[in-house]
Amino acid sequence: MVKTMIRKINLSLLLLCGVILFTSCEKSNLPQDLPGLCPCTITITQEGTPANEINISFIPENPTKWIPFGSTNESGQAVVCTNGKYRGAPEGKYKLVLTKEISEKSKLGECPPIDDVDAHDAWMEKAAKEKRAVYSSIASKYTNIKTTDLEIDIRKGENQNFSFEIGPEVNIKIR
């Protein structure tokens, strides 16, 4: 029963990821109350090296239901989408909060491929019970709305490509 439940959860997660990827930053079917969006990219580096897999949360100066978000790629660039699917960001001033969590490697070794269902399910069941530490690779200054000094002002018709150097990669245990 647990194996079947885990398999269903895995398939549901795969389906959800596919839907998110398929609908990411869509341009059609825009809601009527969606404000005009400005194309925007953010580049993050750590000691001059592109910082990959950093999540960027935009905290608006004036609260709104339209929240931009981005996640950096191998080049350290994030294409910004609002509410997870509309390319660009509404005009306004934002503070940026960065996160990148890295889990301690599993002591169980590599996860078996999903097509080896029994081995994969057994590994997933053991991994779910395994206690692993989680670390942040970003200086804590940038991970908190009260301490971050990363700010941007998005305006139509202006260069909306922002770059930030956030210092060396760190290894701060967060749980």
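Begin by selecting S4 (residues 55-60) and strand S10 (residues 92-99), which run antiparallel and are joined by 6 bridges; strands are DSSP runs of E with at least two residues, helices are runs of H or I with at least four residues, and both are numbered from the N terminus, while two strands pair if DSSP finds at least two bridges between them. Before going further, note that this is a predicted model, in which local features need pLDDT of at least 70 and side-chain atom pairs count only at pLDDT 80 or more, whereas totals for chains, interfaces and linings use all residues. Residues are numbered from 1 along each chain as its sequence is written, and side-chain values use heavy atoms, with hydrogens and water left out.

Within this pairing, pick Ile59, which stands opposite Lys95 in S10. Keep S10 selected and add strand S13 (residues 151-154), since 4 bridges join these two strands, which also run antiparallel. Here Gly92 is the residue to centre on, with Ile154 in S13 standing opposite.

Next, turn to the charged side chains. The structure holds 5 salt bridges, a salt bridge being a side-chain nitrogen of Lys or Arg within 4 Å of a carboxyl oxygen of Asp or Glu.

Select Asp33 and Lys65, whose side chains meet in a salt bridge with an N to O distance of 2.7 Å. This pair links distant parts of the chain, 32 residues apart: Asp33 lies in the loop between helix H1 (2-23) and strand S1 (37-38), and Lys65 in the loop between strand S4 (55-60) and strand S5 (68-71). Asp33 counts as partly exposed at 46% relative accessibility, whereas Lys65, at 52%, counts as exposed; buried means under 20% relative accessible area, exposed over 50%, and partly exposed in between, with a 1.4 Å probe and protein chains only.

Then move to Glu101 and Arg175, where the side chains form a salt bridge at 3.0 Å, N to O. These partners also connect distant parts of the chain, 74 residues apart, with Glu101 in strand S11 (residues 101-103) and Arg175 in the segment after strand S15 (172-173). Glu101 is partly exposed, with a relative accessible area of 46%, while Arg175 is exposed because its relative accessibility is 54%.

For the last stop, display Lys141 and Asp149, which meet through their side chains in a salt bridge of 3.0 Å, N to O. Lys141 counts as partly exposed at 37% relative accessibility, and Asp149 as partly exposed at 45%. Finally, add Glu91, Asp153 and Arg155, which are joined into one network by salt bridges that share partners.
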